[in-house]
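Please walk me through this structure, starting from a single residue and widening out to the sheet and the helices around it.

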Amino acid sequence: MDITRFFARLWDDYTATTPQARQIHDAFVAEGETIVNDHVAFRTFDRGPASLEALEPHLLALGYTRFAPYDFREKKLRAYGYLPPADDLPRVFLSELKCSELSAEAQSIIDGLVAQIDPARVASPEVLWAGRLWDAPSVAQYQALMNESEYAAWLAIIGLRANHFTISVNHFRRFDSVEKVLAKVESLGLAINAAGGRVKGSPEVLLEQGATRADRQPFTFAGGQVVEIPTCYYEFARRYPDADGHLYQGFVAASADKIFESTHVQR
């Protein structure tokens, strides 16, 4: 698949579940800024036909290169960053849940979901915006997963799609800091993820990040109960040059750990 079409399809699916993204995008364009996508992120389970290992070939076929591994022990996740074939293309962050670290009950729920995945669908890059590849779980199953892993609960209802896109603050002129971007986003009436601080990271670690809190939409669970749940969010990143003058290309695990919480349910 052509890489331009690939990201266009991703963006269309992402904005359908994340209307704030188009609102933010258009607001900065109206301010005369140029929107460049720093990276896109995906979530999946580490078992079943749609594991990280099964999804990675789609990225490699587009010319991406696996860059660096990341581990999130507390959240029971592993991930890889991927570098694009050209500088004007976004990086990719692909993570998966280490299901074996959950309880037997949670694993049973997840096994029931991934058993429904048609392996033929995973063979196409379109799987990365396919959404849920299994029947809707029950509210009880969702809550059981939520008690152990917000990531698992989110994935069970949202499925496979871009979890977030990311605006490159490096390409902005007026809004040239993450904090300035966040202030503009708040002026639109949107909430910011303050977990670990509004701005996560620092120039010292060569990356600063911020994010909105996820959009929300009604979801119909098995049995017909409708509950409003978090969908996806928009991130903002500013990168800094390393000692050799090269712009940092990776991710900072401590910051990413808090960015994950953009989809947490507000209690």
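**A tour from one turn outward**

L206 counts as buried because its relative accessibility is 19%, where buried means under 20% relative accessible area, exposed over 50% and partly exposed in between, with a 1.4 Å probe and protein chains only. This is a predicted model, in which local features need pLDDT of at least 70 and side-chain atom pairs count only at pLDDT 80 or more, while totals for chains, interfaces and linings use all residues. Residues are numbered from 1 along each chain as its sequence is written, and side-chain values use heavy atoms, with hydrogens and water left out.

L206 is found in the loop between β6 and β7, and although L206 is not a glycine, its phi is positive, at about 75 degrees. Helices (H or I, at least four residues) and strands (E, at least two) are DSSP runs, numbered from the N terminus. The two strands beside this loop, β6 and β7, form a hairpin with four residues between them. Strand β6 (residues 200–202) runs antiparallel to β7 and is joined to it by three bridges, and two strands are said to pair if DSSP finds at least two bridges between them. Within this pairing, S202 stands opposite L207 in β7.

Strand β7 (residues 207–211) is mostly covered, with five of its five residues buried. In a regular strand the side chains alternate between the two faces of the sheet. In β7, L207, Q209 and A211 point one way while E208 and G210 point the other way, and all are buried. Besides β6, strand β7 also pairs with strand β10 (residues 233–239), in the antiparallel sense and over five bridges, and here G210 stands opposite F236 in β10.

These strands belong to a wider arrangement, an open sheet of eight strands in the order β2-β3-β4-β1-β5-β10-β7-β6, with mixed pairing. Because β2 and β6 stand at the edges, each with a single partner strand, one side of each is left without a neighbour in the sheet. On average, and with direction ignored, neighbouring strands of this sheet are turned by 20 degrees against each other; axes are lines fitted to C-alpha atoms, for helices over the stretch in contact, and angles run from 0 to 180 degrees between N-to-C directions. Elsewhere in the sheet, β1 and β4 run parallel and are joined by seven bridges, with F42 opposite L94 in β4.

The loop between β2 and β3 holds K76, a residue other than glycine whose phi is nevertheless positive, near 60 degrees. At 21% relative accessibility, K76 counts as partly exposed.

Helix α3 lies across β1, β2, β3 and β4, and runs at about 170 degrees to β4. The buried residues of α3 (residues 52–61) are L52, L55, E56, H58 and L59. Seen down the axis of α3, these buried residues fall within an arc of 155 degrees, so they line one face of the helix; the arc is that of the directions from the helix axis to the C-beta atoms. They pack against β1 (37–45), β2 (65–72), β3 (77–83), β4 (91–97) and α5 (119–122), where contact means heavy atoms within 4.5 Å. On the other side of α3, E53 and A61 are exposed. After α3 comes G63, whose phi is positive, near 100 degrees.

Two further pairs of helices remain. Helix α6 (residues 139–146) and helix α7 (residues 150–158) pack at an angle of about 150 degrees, with their axes 7 Å apart. The two helices α6 and α7 are therefore roughly antiparallel to each other, given that angles under 35 degrees count as roughly parallel, over 145 as roughly antiparallel, 65 to 115 as roughly perpendicular and the rest as oblique. Their contact is made by Y142, L145 and M146 of α6 together with E150, A152, A153, A156 and I157 of α7. Nine of the nine residues of α7 are buried, so α7 is largely enclosed by the rest of the structure.

Helix α1 (residues 3–17) and helix α2 (residues 19–30) pack at an angle of about 110 degrees, with their axes 4 Å apart, and α1 and α2 are therefore roughly perpendicular to each other. Among the residues making this contact are W11 and Y14 of α1 and P19 and H25 of α2.
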